[in-house]
Amino acid sequence: MQKVTIKKILNRKNKKPIVCLTAYSKAIAQIADKYCDILLVGDSVGMVLYGMKSTRDIKIETMILHAKTVKKFSKRSLVVFDMPYKTYTNKFVAYKNAKRIINLTKCDAIKLEGGKKIASIIKYLISKKIPVVGHIGLLPQTSVNFKVKGKISSQRKKILEDAKAVSNSGAFAIIIECVVENLAKIITKKIPIPTIGIGASRNCDGQILVIDDMLGLSEHYPKFVKQYSNLKKIIEKSIKNYAKDVKLKRFPANKNIYK
Ligand code: KIV
């Protein structure tokens, strides 16, 4: 089993698509590790596991616990820690938090949301040897509307400039969230680092999905999600059968297991 490295991810530009998923737990890390190049401990954990209203509500300490677990139980994938809201308000705050996160969790890189505005922060982190993944397009931490981006030309221009700024700052990959297909294609063509799409078409160098969305465990699904399973149904059926067995005294089985 060969560990995925940043160099290997960089080499995947315009080559074999990069497979990424979010992961927050031991079981998912162990399974996804076999098939994914990158596991992202996303701030989506707040909404997905804790029922928070927004990704802004998750605290760094909670994410550190999840990241420690994901890192511990994944041997092959590159593990990326998604910096929560307001933990990178300037380069010094960003460095202090990122350094602590990497030290405690042993994650391989961190991810920040934003383009031109945070380019100097990305540059600074990289100068301090902290590998960075960028995130442009729809930015859940700061967006006021969650609509597809890049339909109007001023927005397209800004997102392309954001992509270039993140790439020029030294990030080794960039997540593009919810942008029109053609814009994802242009960005992927124009920047030298791999692009990873979420709702940004197959024109990207890789894809990422929120694990609970693709497994069918979520309550609401973005349009772009493909559900590969309906775990909610499977879990409900299992619990229903267990409850029935307990009530009918069919479980535990009538045999002495402690002989
Ligand atoms: O937190 C997250 O899950 C993310 C993905 C949507 C890319 O940032």
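The following is a short exchange about salt bridges and a cavity in a predicted model.

Modeller: The model is predicted, with local features needing pLDDT of at least 70, side-chain atom pairs counting only at pLDDT 80 or more, and totals for chains, interfaces and linings using all residues. Residues are numbered from 1 along each chain as its sequence is written, and side-chain values use heavy atoms, with hydrogens and water left out.

Colleague: Why is the contact of aspartate 37 with arginine 12 called a salt bridge?

Modeller: A salt bridge needs a side-chain nitrogen of Lys or Arg within 4 Å of a carboxyl oxygen of Asp or Glu. The closest N and O atoms of aspartate 37 and arginine 12 are 2.9 Å apart, so the pair fits the rule. Aspartate 37 lies in the loop between α2 and β2 and arginine 12 in the loop between α1 and β1, so the pair ties together parts 25 residues apart in sequence.

Colleague: What makes lysine 116 exposed or buried?

Modeller: Relative accessible area decides (buried under 20%, exposed over 50%, partly exposed in between; 1.4 Å probe, protein chains only). Lysine 116 has 53%, so it counts as exposed. Glutamate 161 has 29%, so it is partly exposed. Their side chains meet in a salt bridge at 3.3 Å, N to O.

Colleague: Why is the lining of the largest cavity called nonpolar?

Modeller: Ala, Val, Leu, Ile, Met, Phe, Trp, Tyr, Cys and Pro count as nonpolar, Asp, Glu, Lys and Arg as charged, and the others, Gly among them, as polar. The lining consists of Cys20, Ile38, Leu40, Val80, Val133, Ile175, Ile196 and Ile208. That gives 8 nonpolar, no polar and no charged residues.

Terms used. 1 Å grid on protein atoms, 1.4 Å probe; cavity = no way out; pocket = protein on both sides within 12 Å on 5 of 7 lines; lining within 4 Å. Helix = DSSP H or I, 4+ residues; strand = E, 2+ residues; numbered from the N terminus.
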